[in-house]
Every structure is written in C-alpha cells, then in structure tokens.
Amino acid sequence: MVLENELRVLLVEDTKATHAAASMTVSVGHFDDPTSRPGMAHFLEHMLFLGTEKYPDSGEYHQFINHHGGTNNAWTGTEQTNFFYSIDAEQFEESLDRFSQFFIAPKFDLELVDRERHAIDSEYSLKLKDDIRRVYQVQKESINPAHPFSKFSVGNLQTLAGDEADVRQELLDFYQEKYSANIMTLCLISPLSLDQQAEKVQQYFSAINNKKIIKSYPDTPYLSQELLLKKINIMPVKEQKRLNISFALPSMEPFYKTKPLTFISHLLGNESPGSLLSYLKEHGLANNLSAGGGVSGYNFKDYSISIQLTDKGLTQVDEIVTCTFEYLELIKESGIEPWRYQERASLLSTAFKFQEQIKNLDLASHLSINMQHYDVEDVVYGDYRMDKLIETETHELLHYFNPNNMRTQLLSKEVSTDTQAQWYFTPYSIEEISKEKVAHWQQVKPRKELKLPLKNPFIVDDPQARSELSTSAVPTIVAEDEGYRFWHRKDDEFNVPKGHLYLSLDSDQASPTPKHAALTRLYVEMVLDYLAEATYQAEVAGLNYNIYPHQGGITLHLTGFTGNQETLLALVIEKARERNFTQDRFKLIKKQLIRSWTNAAQAKPIAQLFTSLTVTLQKRSYEPTRMAEMLEEVTLDELHEHVGAFYEKIYVEGLVYGDWLASEAQQLARRLKQVLSLVTKPSNESSRELINLSNRGMLMRELNIEHQDSAIIIYYQSKQTTPHQIGLFSLLNHTMSSTFFHELRTEKQLGYMVGTGYLPLNRHPGMIFYIQSPTTAPRKLLEAIDEFIADFNYAVMQITKGQWEATKQGLINQISEKDASLKSRSQRYWVCLGNRDYEFNQREKVIEEIKKLTRADLIKFIVENMRSKHSDRLVLFNVGEQHQQLEPIANTQVITDLKGFKQQAEKFNF
C-alpha cells in the first residue's frame, strides 16, 4: 500500500507469529553526508533512538523493546539507512507509536549531542585495527575523489567537532532536508490481519512529512580512465595474503530480472576439477577463491575476484592474473550456453520454492530494503529471479572483464608501501600496471588444463516433501547399542524436502592436551580441504555439510535436499576414512591454521576476552596462540598417528530430523554402525569438565593485548544446572540488560561495546557483564559495573507488580518463541541432546520456574551472590595502550599460570 504522504508499505500477516517486527529503510546514507561533515548520516541514525517529542526519555524505546522480549538495531549504508526491531506481538501497536515518532518528531536533545558523538567515536575506535575497514579506506582514497563513495562514512570526534548547539542545528537541517516519506519503505510483520495492520499504519505513519524529494547523486564515474590499470599494495594488521582482481562495471540493478553477473560468477567461482581454483590449488598458488564480491552503488559495481594466496602464489601474482584471464577467455568462448544458465536459474527457483522461514526481524529488514531496489511485484522474488539467458547482454558484460579495465589489490605483510591512509592509518602504495603486461594478458589463450564444469549430478529438478505424519512429538531413539545412539523425527510441519543430519564422534584422544586439540582441528581442516573439490557440485545444488571440533571430539552436520543426502554422506565418510593427505596440502593447511590462530591476537580486545573466558573455564579448551605453538613442529606422520588414535574408541550420537522416514533413519544408522565398526571400538561419551568457581572469591586474569582500548568481562557462575537456576540467571540478565546498556553506554559513555549476557557453559548457567572502552581503564570499568550491580536492587524494588509480570512475560515469550524453520528446530533438538535433555522439555520447565520467581528472589540472589567485592566471580581484562599509566585494578587473586590453575581447580563433571 502507499499512504497519502507517498510512504510505501508492505504488510505481512503471519498468524502463527508470537513476535511481530517492523523495519523502515530510508533512502539516505553516507553518500548524502555534507562534505564538511563526514559521518553525519550515521550520527543522525544514532540520535533518532534517543527520544522524541512524544517519548522524550532517551532510554525509553530501548527499554520498552527489551522488556517485551524484543530486540532493535539500525545501520547506515552508502545509500540507505535501515531501522528495525521485533517485539512480543501483543505490544506491537504501542511499539509502532514509538517507532513512527523517529520519523515524525525526533527530539535531538542538545544535552545528548556530545554524548552520542563520543559513542560514534567509540564505534570508530573499535574498528581501527579491523582489516576490512582499513582496506575499505584505501579503496576510498584510490577512486575518483569526486565520487561520493570516497567519503569517510563512520565519523568521529574530529568530523563531528564544534559547538554542540551548532552541530545540533546542522543535524536538524540534515534531517529536515534529507528525510522524507516518499523515499522511505516500511515493512510490518505480525499476526494481525492485513486490514488491522493497514489501519495501524495509517494511524501512526501518515504524519511523516513528505518533502517530495527526488534522489540524485552526481553523475561522476567511480573510476576515471587514469585510475584504471593500478596495482594497490596494502599492508594488513593480520597475517594474510590475498589478491583481488577487480573490474569497473556499471550498476547491476537494471539487470536483476536476468542476473547475467550471477551467471558469470557461477562459472568463475566454480571449484570443480578443471576450474580456475582447482588449477591454482593443484599448482600450490592459492587456497581459496570467491568471485562476485565488491562494492556497488547507484552508478557502479566494483566486481572483485578474490584469491587467497599461498607463499608461492605471492611470488607469482602475474601468473595467477594470466590464469584468470585465460579462464575468462574460456567462459567467453564456450561458457555462455543456455543449459548452464538454466542450471543456475533452476537452483535459484528451487531455493525460492523451498526457502525456510527466517526470523521476522530479519525478513522485515530484508523486504523493506528490497522495496528500494525492485519493482513492487518482485519485492519477495527479486533475489531469486533469473528469467532467461540473453547472450548479447552477457557478452556485453563480459567485455568489461578485460585487462584495460582492471585494477589489482595485493594484501600482504610483505608489500612495500609509501603512503598511509587517512582515518585508519593503513600503509599502502599504488603502482602502474605496465603496458607490456596488459598486452600479454590481452593475447592469452586458455591452457588445456582449464575446463568448464560438467552437468551437476546432484541437482534434483522438482524435489517433493513426503506427506507421512510424524509418529512422535519429539525425536525418539531408532537405534542404540554400546557406544552408539541414533535419534530421529520425521517433520510434518515445515513440509520441505530437506533434512538435517548431525553426527557427533566423541573420543578421549580429541583434546586432553593443547597438542591433541590442535591435531584434531588440523585433521578437520585437512578433511574439509580434501573434500572441497569432490563435494563442490553438491554444495551448489543445496547440499551442505560442516565438520567442526568440540571439547569432546568432532561433529558432522549435513543439511539440504534429502534426495541426495545419503550420497553426500557416503562421499564424506569415504573421503574422511581415506585420510590420503599429501605432504604439500599438509604444509599449506598447517600454515593456514597457524596463521589463523596467530591472527586471533589481532582481534578486538573484547573478542579475545570472550575466547579466554571459555579457555579459562573449560578444561579442554585452549588459547589459540598455544595451539599454534603446538602445531609448529607437527609432522604428517604425527597427524596420521593422531587420527588412528582418535578412532580407536569413539562414542557416536546421531540425530536425523526432516523429510526422513523412520525406516530410512534406521537403515542409515545400521550402515553407519557397520562403517564405524571397521575402524573403531565402542566407548563412553567424553567428559566435558568445567572449572568450579565456588568459594574462590574474585579471580582475575589479565591479558596482554596490543590495542588502544581497555576491555573487561565479569562472569558469575551457577553452581547448579537446574531449571530453577537457568530461569533465575536468564531473568537476571533480561531484567538488567537494557538498564546496564543505557546507564553505562548511553549515559556514562564508557564505550561502544557494552552489555550483559546469559552465558551457559557446559550446562551451567552464567551471567556476564562486558565493556570495551577507548576512554576508561579496567579499574574504573570494574568500579562502574560494581556500582551498577549494587544500585540495581533499588531499581528492582521500584518496579510495580504489573511491570514485573510484564518483564517476566517478555522473557517467557522470548524463550518459547516458535521454531521458525526446520533449521532452527533441528538446532534446538541438537542442543537438547548436548544438554542431556532427553525429554526435550527443559524449555517448558524453565518457563514454569520463571513464572514462580518474585522480585524478592532476584534481590536476594544479587545481595548474596553479586554485591560483595568478594563474591565468587571471574574477571578478565586488558589494559589499553592509552591507559597504561593509570591506576591498576587492586591486586587480588590473579591467575598467572593458567595450566596450573586448571589442573588444581575443582571441576564440575558433565
């Protein structure tokens, strides 16, 4: 529907939804920033959340959404800003009144201007060492400076400096000039009827002002001719070697109905034998390739072929570019065939037909964005539409993929640089690509080893779900023996021809030491690498798999269309058992894994603290850098020995859920048992021990992190794993989270990353408080958190009985939210098995406990377990480079020898 003020609206009626959602996309982004005020659109997005004329309290919106079981956020892109939230369906009307006011009468409180520009600065500071942002900035500096993409998008204290009243006036002017109903798109999803929703939209959104804005950006090229044929060398923070070959294309939006670029990427990114990646891997030049990425906008698409290089590949960049042009030549000569296009189109059509429902929050956001890009009849289908191959159109596009229209970007610690990017201080240099190289690349002919993909044998033309009903409400055991148990449930609700198969293999040899854990992870990476080529066509056809290590062993998860799932499983198991690893791939994968673990030390402080939290508390979890050390000297023979020992004795737990009949699941279980009996003896489930913090008081662990920000995590642990404790810790977090965020982030401006969380570890409920701060040292952060906890009792006392019940109901609605898809239900079942919730009803038990909890219970728990500085808790922190001279945290019990601490500590057995 379109309102009188020209606001375009999409309404979705979901009668089964317990949560409603709304999303507004505004056709204003950082391309619209005034030249003198980079980051203005982003600053405006922040300020809109902080009070309106009708609801002036700056924290009210966030608190209202949170207390009613919802979540909210926003982002600012190049040409659009998107605001979205979800909430309990019963509160939808009240939420719409609050949400609509953002776009009708925001307050832009003068007192909040300085506070919020500090929040913007914290957000900017958070990503100073983020390679994606750092490379993005180099890209901005290397394009046409007259193009709006060149603008600095985030903003900081420097770009938003000035007298607060002046900045507020500029913000108001920007809002009034740029925000208009006719360039906004709104999507609502709720159980209300379409007529009822239409009524609410008229009631709450008709007052948005329509300034009849006609959007236009300067018709200036993204890359002028003299900016082509450049090699850009960039030095990253993290250890990586990556080559991006990019081509300047026009905007792709007019082509969305036929998607010729999707088709070209389908051929270029292919990983089957004979593909570009397969050839580069075979010659030890590359480990990975993706085609089709790159930034895009109103008049450009910067098409990128991104190649992860080996050490050898780094020395042969020109040869890799040569191979790429040869493969492009092959596509031009013989790849543009109707059957190849149809293969990709039919995969998209099947994906659309059998797509699984996503959360209403994500769907509302996605649809309101699509409304900005597609014709109204294609808002839902536009992403999947591939009408027909127009060969002339595809060849015209391929013409842009020529050496005269290219640039390359080389990321490596080993490049020479002579310039530093503004804002993110990225070292880089720009060189000309010589005419001789361009002339050579224009003459290439495909070498015989390069081949286009064969027809995909895994594609099922018209998959259909079976209509048989499930015989039980939850999974049941269909096969069980010593060291072995298999669960199954036939889906009869989502009715898609898909299945989820989980297999967990527990082994005592998986991770008793850091070296064992490192070898297990290396084995998983080797298997995934070994399988990549053989299973690529299956993945393209919608059959996916993942193998990942955990504390007790490894898990295999297969998803996708059931028609060929068993074929894929047989292929995966056969390849995993072969263990036919070559020395060359071993060296490459080992190096890659060591690099990945070493790079963990460059992650933002709060991310490193989260990793260290599980490492400190779980007996069989280890620091990434420790595992990297262990892997340095490992040989291929040692890996083979480890894999042999791993499979000597294993415990297997399996789950099949979806379009699988019980008889098929039993048959599969028998075959798996037979296969496994050839390589293993039965065993018991591996132990997963957790450090017991009872009676330890406050334990502290400091991490040495090279970053300007300080960060802290405080963790409280439950001694029991009962539904009562799960309910209590969940409610504690739910009640505190929005107030904590508002007081410590919005009001005190301690940092951008501020929050609380319910964190269960090895079944034990837990509660965390965390902050990453560019301005405040750990001692002050700890004091601020302790002060908040001490004062929170009074906040709970002041809650009315009605507010308390509403708060509890918000959490109950969150916990009992209906499974949206086959995927989310299969995940829930698998988590239940991991938690030994074999009746699959822990959720219901927890809800019953929450219903019984009183304010007095919460206050008593806080007083007895959290208010004292001597409470049992673990504090992890780092001191930022800016805070080294400030007063440190008072010295209490400090963990300096992690290995010794974990060995001696009492543990909960799981």
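**View A. Strand β6 is largely enclosed by the rest of the structure, because four of its five residues are buried.** Buried here means under 20% relative accessible area, while exposed means over 50% and partly exposed lies in between (1.4 Å probe, protein chains only). This is a predicted model, where local features need pLDDT of at least 70 and side-chain atom pairs count only at pLDDT 80 or more, while totals for chains, interfaces and linings use all residues. Residues are numbered from 1 along each chain as its sequence is written, and side-chain values use heavy atoms, leaving out hydrogens and water. Strands (E, at least two residues) and helices (H or I, at least four) are DSSP runs, numbered from the N terminus. β6 covers residues 230-234 and pairs with β13 (residues 427-432) in the antiparallel sense, over five bridges. To count as paired, two strands need at least two bridges found between them by DSSP. Look for K230 with its bridge partner E432 in β13, and for I232 opposite I430. β6 also runs parallel to β11 (residues 406-411), joined to it by four bridges; here N233 stands opposite L410.

**View B. Strands β12 and β13 make a hairpin.** Six residues sit between the two strands, and W423 in the turn has a positive phi of about 70 degrees. β12 is residues 419-420, and two bridges pair it with β13 in the antiparallel sense. One pair to pick out is T419 and its bridge partner in β13, Y428.

**View C. Five strands line up in an open sheet with mixed pairing.** Read across, the order is β1-β5-β2-β4-β3. β1 (8-13) and β3 (71-76) are the edge strands, each pairing on one side only. From one strand to the next, the twist averages 10 degrees. Inside the sheet, β2 (residues 19-26) and β5 (residues 184-190) run antiparallel and are joined by six bridges. S23 faces C187 of β5 across that pairing. C187 has a relative accessible area of 0%, so it counts as buried. Helix α3 (residues 92-101) lies across β2, β4 (81-88) and β5, and runs at about 155 degrees to β4. Angles like this run from 0 to 180 degrees between N-to-C directions, with axes as lines fitted to C-alpha atoms, for helices over the stretch in contact.

**View D. Helix α2 tucks several residues away.** The helix spans residues 60-67, and Y61, F64, I65, N66 and H67 are buried. What covers them? The cover includes β3, β4, α3, α23 (723-747) and α25 (801-815). After α2 comes G69, with a positive phi near 70 degrees.

**View E. Helices α11 and α15 cross at roughly 35 degrees.** The axes of α11 (residues 317-335) and α15 (residues 435-442) come within 9 Å. The crossing is right-handed, meaning that the near helix is turned clockwise from the far one by less than a right angle (anticlockwise would be left-handed). From α11, the contact uses D318, V321, T322 and F325, and from α15 K437, H440 and W441. Contact means heavy atoms within 4.5 Å.

**View F. F486 sits in the largest nonpolar core, which has 58 residues.** Such a core is a set of buried Ala, Val, Leu, Ile, Met, Phe, Trp, Tyr and Cys residues joined through side-chain atoms within 4.5 Å. F486, L522, Y523 and L639 touch the most other members. Helix α16 (residues 514-540) gives the most to this core, with 10 residues. Leaving aside neighbours within four places in sequence, F486 is in contact with residues including I477, V478, L501, L503, V656, L668 and L672.

**View G. Y530 is in helix α16.** Is Y530 buried or partly exposed? Its relative accessible area is 22%, so it is partly exposed. Not counting residues up to four places away in sequence, Y530 touches K575, E578, N580 and F581. The C-alpha atoms of Y530 and T582 are separated by 9.6 Å, although these residues are 52 apart along the chain.

**View H. I390 lies in the loop between α13 (360-373) and α14 (391-398).** With a relative accessible area of 28%, I390 is partly exposed. I390 and H742 are 352 residues apart along the chain, and their C-alpha atoms are separated by 54 Å.
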